[in-house]
Amino acid sequence: MGNILIGILILLVIIDIILRLRKREEPKIEKFEEFKEIKSNTIMLESAVAPIYWAYLIIKHGLERGKDFKIQKEETKIGRDEENDIILSHPTVSRFHAKIIREGENYFIEDLNSANGTFVNGIKVQKELLHDNDILQFGDIVCIFKKI
């Protein structure tokens, strides 16, 4: 009976998180259009703001609930060891658990042969393409992946 209540509570927390994240607006990138004459008779032409890709990992279940990590590197390592970029201090997380790989505007999660596995939306994966609002699990730590 207790396990059923815990399962229902976790499900309600996940639904609450998803509903809250859907209410947020995505940032808008505006095109910069300005022509400016320079004394050297050079004209600055129209330029667009180059897209900047980054993502966040937000802890939703665990002792550090609410903590977020910005993912800007080509490869971001996750685990319990201090050498990782994202350190998750929990006994169910392997020392070197997983890594997030950025390829252009796409992000992938790859399990590093962890003891308890890496899960995306409840499915155990070895390597998987990530989408905005995917739920990631490393051991007992549950996170939300946010792509900006």
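The legends below accompany several close-up views of one predicted protein model.

**View 1. The protein as a whole, with one helix and 13 strands.**
Read from the start of the sequence, the predicted model follows the pattern α-β-β-β-β-β-β-β-β-β-β-β-β-β, and its secondary structure comes to one helix and 13 strands. Of the 148 residues in the protein, 32% are buried. The structure also holds six salt bridges, and some of these appear in later views.

**View 2. The helix H1 and a nonpolar patch on the surface.**
Which residues form the nonpolar patch on the surface? They are Met-1, Ile-4, Leu-5, Ile-8, Leu-11, Leu-12, Ile-15 and Leu-19, and together they have about 840 Å² of accessible area. Leu-19 belongs to helix H1, which covers residues 2-23, and with a relative accessible area of 45% this leucine is partly exposed.

**View 3. The open sheet of six strands.**
The strands of this sheet stand in the order S4-S3-S13-S12-S9-S10, and their pairing is antiparallel. Strand S4 (68-71) and strand S10 (123-125) are the edge strands, each of which pairs on one side only, and from one strand to the next the twist averages 30°. Strands of a sheet pair through backbone hydrogen bonds, and this pairing can be either parallel or antiparallel. Within this sheet, strand S3 (residues 55-61) and strand S13 (residues 141-147) are joined in the antiparallel sense over six bridges, and Leu-57 stands opposite Phe-145 in S13.

**View 4. The open sheet of five strands.**
Here the order is S6-S5-S7-S8-S11, and the pairing is mixed. Strand S6 (86-87) and strand S11 (127-130) stand at the edges with a single partner strand each, so one side of each has no neighbour in the sheet. S8 and S11 run antiparallel and are joined by four bridges; across this pairing, Ile-109 stands opposite Glu-128 in S11, while Tyr-107 stands opposite Leu-130 in S11.

**View 5. The hairpin formed by S7 and S8.**
Strand S7 (residues 98-103) pairs with S8 in the antiparallel sense over six bridges, and the two strands form a hairpin with two residues between them. Gly-104, in the turn, has a positive phi of about 65°. Which residue in S8 does Arg-102 stand opposite? The residue is Tyr-107, which also stands opposite Leu-130 in S11.

**View 6. Two asparagines with a positive phi.**
Asn-113 has a positive phi of about 55°, although it is not a glycine, and it lies in the loop between strand S8 (106-111) and strand S9 (118-120). Asn-121, which is not a glycine either, has a positive phi of about 50°, and its place is in the loop between S9 and S10. Is Asn-113 buried or exposed? Asn-113 counts as exposed because its relative accessibility is 68% and the cut-off for that class is over 50%. Asn-121, with a relative accessible area of 44%, is partly exposed.

**View 7. The salt bridge between Arg-95 and Asp-81.**
Side chains of opposite charge can pair when their charged atoms come close. In the pair shown here, the closest N and O atoms of Arg-95 and Asp-81 are 3.1 Å apart. Arg-95 lies in the loop between S6 and S7 and Asp-81 in the loop between S5 and S6, so the pair ties together parts that are 14 residues apart in sequence. Asp-81 is buried, with a relative accessible area of 15%, whereas Arg-95 counts as partly exposed at 46% relative accessibility.

**View 8. Two further salt bridges, Glu-75 with Lys-99 and Glu-64 with Lys-67.**
In the salt bridge between Glu-75 and Lys-99, the closest N and O atoms are 3.5 Å apart. Glu-75 lies in strand S5 and Lys-99 in strand S7, so this pair ties together parts that are 24 residues apart in sequence. Glu-75 counts as partly exposed at 32% relative accessibility, while Lys-99 is buried, with a relative accessible area of 16%. Glu-64 forms a salt bridge with Lys-67, and the closest N and O atoms of this pair are 3.4 Å apart. Glu-64 is partly exposed, with a relative accessible area of 31%, and Lys-67 is partly exposed, with a relative accessible area of 36%.

Methods:
Residues are numbered from 1 along each chain as its sequence is written. This is a predicted model: local features need pLDDT of at least 70, side-chain atom pairs count only at pLDDT 80 or more; totals for chains, interfaces and linings use all residues. Side-chain values use heavy atoms; hydrogens and water are left out. Two strands pair if DSSP finds at least two bridges between them. Axes are lines fitted to C-alpha atoms, for helices over the stretch in contact, and angles run from 0 to 180 degrees between N-to-C directions. Buried means under 20% relative accessible area, exposed over 50%, partly exposed in between (1.4 Å probe, protein chains only). Patches are made of residues with over 30% relative accessible area and no salt bridge: like charges are joined within 9 Å, nonpolar side chains (Val, Leu, Ile, Met, Phe, Trp, Tyr) within 5 Å. Accessible areas come from the Shrake-Rupley method with a 1.4 Å probe; for residues, only the protein chains shown count as cover. A salt bridge is a side-chain nitrogen of Lys or Arg within 4 Å of a carboxyl oxygen of Asp or Glu.
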